[in-house]
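Thanks for making time. I'll go through one structure, mainly its charged side chains, and finish on a histidine.

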Amino acid sequence: MAHILVVDDEAHVTRVTRMALERAGHQVAVASDGAEAFALLEAQPFDVLITDITMPRLGGIELCEKARHELGHTNLHLFVMTSRVENEFRDRAKRLEPVEFVEKPVSLRRLVARVGARLETTSSRDAE
């Protein structure tokens, strides 16, 4: 079981994503924007951050950058949900490697599988 933070300014996205991840056995917290998510990241550890790119107050890329650089969460698995395909966002996010892009509309089954695979890979490496 992983501790996952899902961030999106669209409540229905966080609601259905949370339900899918909880059904898969994960503990899930949600935030409605990057600033709220950053406060949660400061307060408690998470294994996975799933965030939208475009949000009020603090966007997803900025949130990922702050989590990595200001909070030092180098082991935090990053998943960026976006319908945007602009290279500037991808180039900026790639500097945060490893990061995975999740295209909107999101396939919840595929997202849950990708999160599980990423966590499993990390667990395998840690066991070696």
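The salt-bridge count here comes to 7. Bear in mind throughout that the model is predicted. I'll take three of the pairs one by one, then a network.

Start with R18 and E22. Their closest N and O atoms are 3.2 Å apart, and the pair forms a salt bridge. Both residues are in helix α1, which covers residues 11–23, and they sit 4 residues apart, so about one helical turn separates them. As for solvent, R18 is partly exposed, at a relative accessible area of 31%. E22 is also partly exposed, with 37% relative accessibility.

Next, E70 and K66. This is a salt bridge too, and here the closest N and O atoms are 3.3 Å apart. Is E70 buried or exposed? At 55% relative accessibility, E70 counts as exposed. K66 has 23% and counts as partly exposed.

K66 has a second role in the list of contacts. Its charged end sits over the ring of F38, 4.6 Å from the ring centre. So K66 turns up both in the salt bridge with E70 and over the ring of F38, and a charge is counted as sitting over a ring if, among other things, NZ of Lys is within 6 Å of the ring centre. There is an arginine case as well: R118 lies over the face of F79, at 5.3 Å from the ring centre.

While we are on rings, how many aromatic pairs are there? The count comes to 0. A pair of aromatic rings would be described by the distance of the centres and the angle of the planes.

The third salt bridge is R114 with E100, where the closest N and O atoms are 3.0 Å apart. R114 belongs to helix α5, residues 108–127, and E100 to strand β5, residues 99–103, so this pair ties together parts that are 14 residues apart in sequence. R114 is partly exposed, with a relative accessible area of 22%. Then the network: D8, D52 and K104 are joined into one by salt bridges that share partners.

Now the overall layout, for orientation. The protein has 5 helices and 5 strands. What pattern do they follow along the sequence? The pattern is β-α-β-α-β-α-β-α-β-α. Of the 128 residues in the protein, buried ones make up 45%. The protein exposes about 6,800 Å², and carbon and sulfur atoms supply 49% of that area. On contacts, take those with a separation of 6 or more: residues 24 or more positions apart account for 60% of them.

Last, the histidine. H3 lies in strand β1, residues 3–7. Its relative accessible area is 15%, and buried means under 20%, so H3 counts as buried. Which residues does H3 touch, leaving out those up to four places away in sequence? They are Q27, Q44, P45, F46, D47 and V48. P45 comes up again in a polar contact: its backbone oxygen lies 2.9 Å from a polar atom of the H3 side chain.

To recap the charged part: R18 pairs with E22, E70 with K66, and R114 with E100. K66 also sits over F38, and D8, D52 and K104 form one network. That is what I have; I'll take questions now.

Terms used:
Residues numbered from 1 in each chain as written. Predicted model: local features only at pLDDT ≥ 70, side-chain atom pairs only at ≥ 80, totals over all residues. Heavy atoms only, no water. Phe/Tyr/Trp six-rings, centres within 6.5 Å; stacked < 30°, edge-to-face > 60°. Lys NZ or Arg CZ within 6 Å of the ring centre and 35° of its normal. Helix = DSSP H or I, 4+ residues; strand = E, 2+ residues; numbered from the N terminus. Buried < 20%, exposed > 50% of the residue type's maximum accessible area, 1.4 Å probe, protein only. Contact = heavy atoms within 4.5 Å. Areas by Shrake-Rupley, 256 points an atom, 1.4 Å probe, with all protein chains shown as cover. Salt bridge = Lys/Arg side-chain N within 4 Å of Asp/Glu carboxyl O. Polar contact = N/O pair within 3.5 Å; in protein donor to acceptor, adjacent residues only side chain to side chain.
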